[in-house]
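Reader: I would like a close look at a single part of this model, namely the pairing of its strands in one chain, and then at what surrounds that part.

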Amino acid sequence: MNTNLVDNVSRLSSPRNAKTGLLASLKTLTASAVLFAATMSAPQFAMAEDGVMTTGLAVTDTEVTVGILHSLTGTMAISETGAQEAEKLAIKQINDMGGILGRQIKIIQEDGASDWPTFAEKSRKLLVRDKVAAVFGAWTSASRKAVLPVFEKENGLLYYPTFYEGLEQSKNVIYTGQEATQQILDGLNWVAKEKGAKTFYLIGSDYIWPRTSMKIARKHIENVLGGKVVGEQYKPLGDTQFGSVINKIRLKKPDVIYAAVVGGSNVAWFKQLKAAGITAQKQTLLTISVTEDEVLGIGGENLEGFYSIMKYFQSLDNPNNAAFVAQFKEMWGDDSVIGDVTQAAYLGPWLWKAAVEKAGSFDVDKVVAASEEGDIELKTAPEGYVKLHKNHHLWSKARVGKWNKDGQATVVYESELIEPDPFPAGYQ
Amino acid sequence: MGEYTYSELGSILAMQGFAGISLFSVLLLMALGLAIIFGQMGVINMAHGEFMAVGAYTTYFLSVLTEQYLPSLMPYYFIFAIVIAFLVAGVLGYLAEFALIRHLYKRPLDTLLATWGLSLIMQQSFRSIFGAREVSPTLPEWLLGSYQPTETIDIPLNGIFVLVLTGVVTLGVFYLLYKSSWGLRVRATTQNRVMSGAVGINTKKVDRYTFALGCGIAGIAGAAFTTIASTGPTTGSLYIVDTFMVVVFGGAASLFGTIVSAFTIAQTQSILEFFISGSMAKVYTLFALVLILMFKPEGLFASKVRR
């Protein structure tokens with residue numbers, strides 16, 4: 001193939017062809033193209049001497065490459081910025097400790113831009129072109145669903161940090177966030193018990209996670225709690241007009257507003273709630289989608305007295321968290337806030353490190369097998385203690401926090417360690 | 001429906017009516033600037049949303065400054081912020097017209113592409129200067145909360161503020177355009193550029209100031225919106241489609257048409273949203289809009305001008 005090209009070029013350089021200037025440049029172009037192709041196809045990474053990895057991943061004797069894929073721009077940037085900051089902090093700490101299997105971790109970061117097809121495209125780039133050993137990324141369920149086929153086809157490994165609706169268990173994903181039974185159901189149980197709530201108004205953003213979450217919530221409210229759903233509304237992601245919905249809520253007078261509004265829309269939602277006079281003294285509101293990151297944009301004074309159910313709050317009082325918050329602020333600034341997903345994202349690199357060291361290899365199949373033995377635990381997790389279950393999810397606690405004016409939450413309820421169950425019977 | 005008395009139902013309807021009027025004022029404020037630029041000058045300004053974002057970011061910037069250096073002025077800064085937002089956006093519009101738009105008056109489709117490029121540049125500038133996350137200025141106390149004429153009616157104060165502001169701006173624009181000598185020159189240039197030039201009107205200068213005015217009004221709109229939602233680099237693109245819709249539906253060259261169209265669209269969407277889900281309400285409103293435009297492509301109030 002290469003010789004043919006060179007032959008053709010020589011043929012063109014016969015005396016009959018007067019365009020020597022063009023010819024000369026054509027020759028150099030072809031020659032450099034050939035050289036370039038040759039270097040590209042040569043192996044870019046040396047095989048480790050002790051057979052540490054066996055599949056074609058970007059691992060050398062001194063370095064291993066991972067990918068970070070979050071939205072740095074768009075309506076989800078408000079939520080996802082923290083997650084990638086936490087992942088970078090964890091990776092820096094691991095590198096300072098000597099890396100994994102003696103190798104320093106190198107990061108390639110891509111921007112999903114709050115656009116799901118972009119997430120899929122960038123994940124394909126990270127797995128196929130950059131051959132990363134693991135990806136820490138995605139945030140919304142829509143982005144996860146968009147990248148899932150890519151990870152399953154290319155046999156990649158994704159550490160997914162967000163609380164989500166469950167009903168999924170992929171061989172190629174480790175879920176460091178809560179699934180529905182650890183968040184949605186526990187939250188409903190708490191508000192029914194503590195506030196005696198019987199009627200619920202459900203509101204969320206219009207995509208798979210809020211819709212599936214509300215489906216699960218409705219089943220739980222109607223079948224288990226014996227309550228009633230008096231309204232259910234969805235608004236498009238990024239929408240800012242909540243006036244009509246607020247009036248509808250006022251008409252129905254629910255005991256609890258159960259909210260799953262996501263990303264930037266939260267700012268408009270809570271500001272307009274406050275402007276309409278719906279404050280915590282008059283109305284109980286429990287949300288499953290507001291963390292310290294969103295409160296930074298919304299403003300603590302607009303949320304005062306409302307509740308969120310998460311597994312982590314920045315105000316948690318334990319020694320792991322104190323150290324974590326201090327280190328996070330040192331790296332990212334004193335004004336940083338740390339939300340639930342940020343903390344879950346922080347766990348990702350540590351869980352990967354533990355699994356790789358257990359497997360003795362970066363090979364995705366071996367790392368997954370090591371993770372599935374169900375005994376990898378992190379005693380230094382900022383949320384306290386977590387254990388990786390063989391269904392790729394984490395044992396964790398559920399906590400309800402009440403928001404204060406300063407943008408931090410007071411934890412008013414803490415559950416026991418809940419076993420993850422992504423496919424609970426009766427909720428499909 | 002839950003248990004309610006007729007007086008409560010009345011209150012809810014009153015609040016819903018206000019929500020409709022509130023949406024009307026939002027749409028009108030956005031569309032006024034574009035009505036001037038697109039309607040009077042025929043320039044398709046795809047960067048209009050970004051000029052609104054300029055106004056919003058100016059307000060945010062002033063909010064941060066006031067908090068840091070002059071905290072005692074917090075309750076008053078907002079009015080200043082609106083004026084300054086008008087000036088900043090206006091100046092930027094003036095520069096944009098001088099550098100970019102004036103070369104493209106004979107090529108309307110190229111202005112579309114050029115202003116689209118301008119909007120991308122502006123979005124990235126916001127990202128680089130203010131960061132990719134959404135920001136909000138700290139609103140003064142008198143804008144927060146609601147006005148309660150009766151026990152059960154809660155009228156959001158920021159809604160009243162935006163309504164009043166829109167009224168002031170609309171009256172200002174009408175006065176400027178129909179009662180001042182400058183407005184006379186603008187209308188002359190729009191109707192017959194060659195003849196206006198022949199009678200001694202500096203059409204280039206008129207164009208520049210008109211464009212600057214349109215962008216300035218967009219800046220006011222952006223400042224007003226900080227009371228409703230947060231601002232991010234891509235916030236402008238959220239508003240641009242609705243804005244064009246209002247202007248085109250009303251009839252591009254008619255300011256009165258813009259007002260009527262904003263009112264119609266806002267009320268239809270608001271009323272529908274109350275009875276059916278939010279997304280479907282928008283679908284039906286747009287569907288009706290498309291149907292009407294198919295029969296009357298010049299919009300509701302077409303100007304009868306021979307071109």
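Which residue of strand 7 of chain A does Gly204(A) stand opposite?

Author: In this predicted model, Gly204(A) stands opposite Tyr234(A), which belongs to strand 7 of chain A. The two strands concerned, strand 6 (residues 199-205) and strand 7 of chain A, pair in the parallel sense over 7 bridges. Between them runs helix 7 (residues 208-225) of chain A, and strand 6, helix 7 and strand 7 of chain A together make a right-handed β-α-β unit.

Strand 7 of chain A also leads to the contact between the chains, which takes 35 residues from chain A and 34 residues from chain B. On the side of chain A that touches chain B, the elements giving two or more residues are helix 3 (77-96), strand 7 (228-235), helix 8 (243-252) and helix 9 (265-275) of chain A. Helix 8 of chain A provides the largest share of that side, with 8 residues, and the residues of the side divide into 12 nonpolar, 15 polar and 8 charged.

Parallel pairing is found again in an open sheet of chain A, where 5 strands follow the order 2-1-3-4-5. Its edge strands are strand 2 (104-111) and strand 5 (173-175) of chain A, each of which pairs on one side only, and neighbouring strands of the sheet are turned against each other by 25 degrees on average, direction ignored. Within this sheet, strand 1 (residues 63-70) and strand 2 of chain A pair in the parallel sense over 8 bridges, and His70(A) has Asp111(A) of strand 2 of chain A as its bridge partner. Helix 4 (residues 116-129) of chain A packs on the sheet, where it touches strand 1, strand 2 and strand 3 (135-137) of chain A, and its direction makes about 175 degrees with that of strand 1 of chain A.

Beyond the strands, one may turn to the nonpolar interior. In soluble globular proteins, nonpolar side chains tend to be buried together. The largest nonpolar core here has 132 residues, of which Leu27(B), Ala31(B) and Ile220(B) touch the most other members, while helix 1 (residues 6-41) of chain B gives the most to this core, with 18 residues. Leaving aside residues up to four places away in sequence, Leu27(B) touches Asp242(B), Val246(B), Ala262(B), Ile265(B) and Ala266(B). A second, separate core of 63 residues includes Ala83(A), Tyr160(A), Leu347(A) and Val356(A).

Notes
Residues are numbered from 1 along each chain as its sequence is written. Chains are lettered from A and ligands numbered from 1 in the order in which they are written. This is a predicted model: local features need pLDDT of at least 70, side-chain atom pairs count only at pLDDT 80 or more; totals for chains, interfaces and linings use all residues. Two residues are in contact if their C-beta atoms, placed from the backbone, lie within 7 Å. Helices (H or I, at least four residues) and strands (E, at least two) are DSSP runs, numbered from the N terminus. Ala, Val, Leu, Ile, Met, Phe, Trp, Tyr, Cys and Pro count as nonpolar, Asp, Glu, Lys and Arg as charged, and the others, Gly among them, as polar. A nonpolar core is a set of buried Ala, Val, Leu, Ile, Met, Phe, Trp, Tyr and Cys residues joined through C-beta atoms within 7 Å. A residue is buried if 20 or more other C-beta atoms lie within 10 Å of its own, exposed if 12 or fewer, and partly exposed in between; C-beta atoms are placed from the backbone. Two strands pair if DSSP finds at least two bridges between them. Axes are lines fitted to C-alpha atoms, for helices over the stretch in contact, and angles run from 0 to 180 degrees between N-to-C directions. A crossover is right-handed if, with the strands pointing away from the viewer, the path from the first strand over the helix to the second runs clockwise.
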